[in-house]
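Reader: I have a model open in front of me and some questions about it. Can we go through them one at a time?

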Amino acid sequence: MKLTIHGYSTALFATWYFIEELGLLFDAGDGLTANLLGKTGKIKHVFISHADRDHLGGLLQYNQLFSHGKPAIHYPKDANSFKFLAEFTTKFDPHTSGTLWKPLMDNEIINIKSNLSVQGFENRHIDIYGQLKSLSYKVVETKNKLKKEFHKLKAEELIALKKEKGEGFINEKQHKNVLIYSGDTPIFDYSKFDNCEVLIHEATFLSKKELEKGNHKNKHSSLEEVMQMVSEIKVNKLILGHFSSRYDQKNVDSEIKRFIKLYNIKIPVYRIPIGNCIKDVLNSQTLN
């Protein structure tokens, strides 16, 4: 599946990723509409990972410009800031009242097309027992696949069997993770990010040592940990973002290349530069 991904992600300031073919927006930091301009109108489904301002600062401008499309804004069910935002925007911009503000449960599935869904799953960025305040997301494609035991049957035999027994008898559901978006989170469970075509993952800090010094409240990942995880799971393309602005871009790129070599990573590795938007990320230059 072709994916045209536009994105901006600098820790503390703003993060957003727009997947054009799917009409999907993950997070909505500042600069969203200013960078996408008319393309912003293609957004049909918004999935916010958590209520930090750098992940939702562009939401009100997007909503007041394009609420006529009746977008759906999804968020973790216990992130109460969104209830206040919904109430505020309804009064401040009355024309936005058609927007659907939808709280999500852990592992809840939202169908966005006939064969595509988005599933949110709890991460560890805001780790409060009994409260769901931060989510990662995966985009899943579902297809019907002929069961192995029927592979040798002729077309007319399959048609007859389908009429007699039904499609569910000869086919099985095949699920593929088209994309996984980490949001802000520490590394916590490799299996959550395994087997995907494209992984978009935060890398706020460069090393584990720096992570230990800086991870005091809400938790983040280090580039070192992300690269180690990717070396041990199946991912076809990696997009790194959310680097802290404390770093120089040349130093970030140098460290990415060092970890690519250290962990023998063969897949394409892209990164969102500090302070800059990248259009069509997967057609930009890789770091390897």
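Reader: Which residue in the turn between strand 2 and strand 3 has a positive phi?

Author: A word first: this is a predicted model. Strand 2 and strand 3 form a hairpin, with four residues between them. The two strands pair in the antiparallel sense over four bridges. In the turn, a positive phi of about 65° belongs to G23.

Reader: Which residue of strand 3 stands opposite Y17?

Author: Strand 2 and strand 3 are antiparallel partners. Y17 is one of the strand 2 residues that point the same way as T15 and I19. Across from Y17, in strand 3, stands F26.

Reader: How many bridges join strand 1 and strand 2?

Author: These strands also make a hairpin, with three residues between them. L12 takes a positive phi near 85° there. I5 stands opposite I19 in strand 2. Strand 1 (residues 5-10) and strand 2 pair in the antiparallel sense, and the number of bridges is six.

Reader: Is strand 2 largely enclosed or open, and how many of its residues are buried?

Author: In a regular strand, side chains alternate between the two faces of the sheet. Here A14, W16 and F18 point one way, while T15, Y17 and I19 point the other way. Both sets are buried. Strand 2 is therefore largely enclosed by the rest of the structure, and the count of buried residues is six of six.

Reader: What is the relative accessible area of T15?

Author: T15 sits in strand 2. Leaving aside neighbours within four places in sequence, T15 is in contact with residues including Y8, D27, D54, Y181 and H242. Buried means under 20% relative accessible area. T15 is buried, at 1%.

Reader: Which residue forms a salt bridge with K39?

Author: K39 lies in the loop between helix 1 (32-36) and strand 4 (45-47). The partner lies in the loop between strand 2 (14-19) and strand 3 (24-28), 19 residues apart from K39. The closest N and O atoms are 3.0 Å apart. The partner is E20.

Reader: Are K39 and E20 buried or partly exposed?

Author: The two ends of this bridge fall in separate classes, because the cut-off for buried is under 20%. K39 has 33% relative accessibility and counts as partly exposed. E20, at 16%, is buried.

Reader: Which residue is linked with E20 and K39 in a network of salt bridges?

Author: The whole structure holds nine salt bridges. The bridge between K39 and E20 belongs to a network. Linked with them is K42.

Reader: How far apart are the closest N and O atoms of D253 and R271?

Author: D253 lies in helix 8 and R271 in strand 15 (residues 269-271), so the pair ties together parts 18 residues apart in sequence. D253 is buried, with a relative accessible area of 13%. R271 is buried too, at 18%. The closest N and O atoms of their salt bridge are separated by 2.7 Å.

Reader: Which element gives the largest share of the largest nonpolar core?

Author: This core has 30 residues, and L199, M227, L240 and I256 touch the most other members. Strand 13 (196-202), helix 7 (223-232), strand 14 (235-241) and helix 8 (249-262) each give two or more residues. The largest share is five residues, and it comes from helix 7.

Reader: How many residues are in the second, separate core?

Author: The second core is separate, and its members include L3, L116, Y181 and I272. Its size in residues is 28.

Reader: Which residues does R124 contact, leaving aside neighbours within four places in sequence?

Author: R124 lies in the loop between strand 8 (116-122) and strand 9 (127-128). R124 is partly exposed, at 32%. R124 and I187 are 63 residues apart in sequence and 8.1 Å apart in space, C-alpha to C-alpha. The contacts are T185, P186, F188 and K219.

Reader: Which residues form a nonpolar patch on the surface?

Author: One member lies in helix 3 (residues 81-92). That member, F88, is partly exposed, with a relative accessible area of 41%. Together the patch has about 290 Å² of accessible area. The members are L60, F88 and F92.

Methods. Residues are numbered from 1 along each chain as its sequence is written. This is a predicted model: local features need pLDDT of at least 70, side-chain atom pairs count only at pLDDT 80 or more; totals for chains, interfaces and linings use all residues. Side-chain values use heavy atoms; hydrogens and water are left out. Patches are made of residues with over 30% relative accessible area and no salt bridge: like charges are joined within 9 Å, nonpolar side chains (Val, Leu, Ile, Met, Phe, Trp, Tyr) within 5 Å. Accessible areas come from the Shrake-Rupley method with a 1.4 Å probe; for residues, only the protein chains shown count as cover. A salt bridge is a side-chain nitrogen of Lys or Arg within 4 Å of a carboxyl oxygen of Asp or Glu. Buried means under 20% relative accessible area, exposed over 50%, partly exposed in between (1.4 Å probe, protein chains only). A nonpolar core is a set of buried Ala, Val, Leu, Ile, Met, Phe, Trp, Tyr and Cys residues joined through side-chain atoms within 4.5 Å. Contact means heavy atoms within 4.5 Å. Two strands pair if DSSP finds at least two bridges between them.
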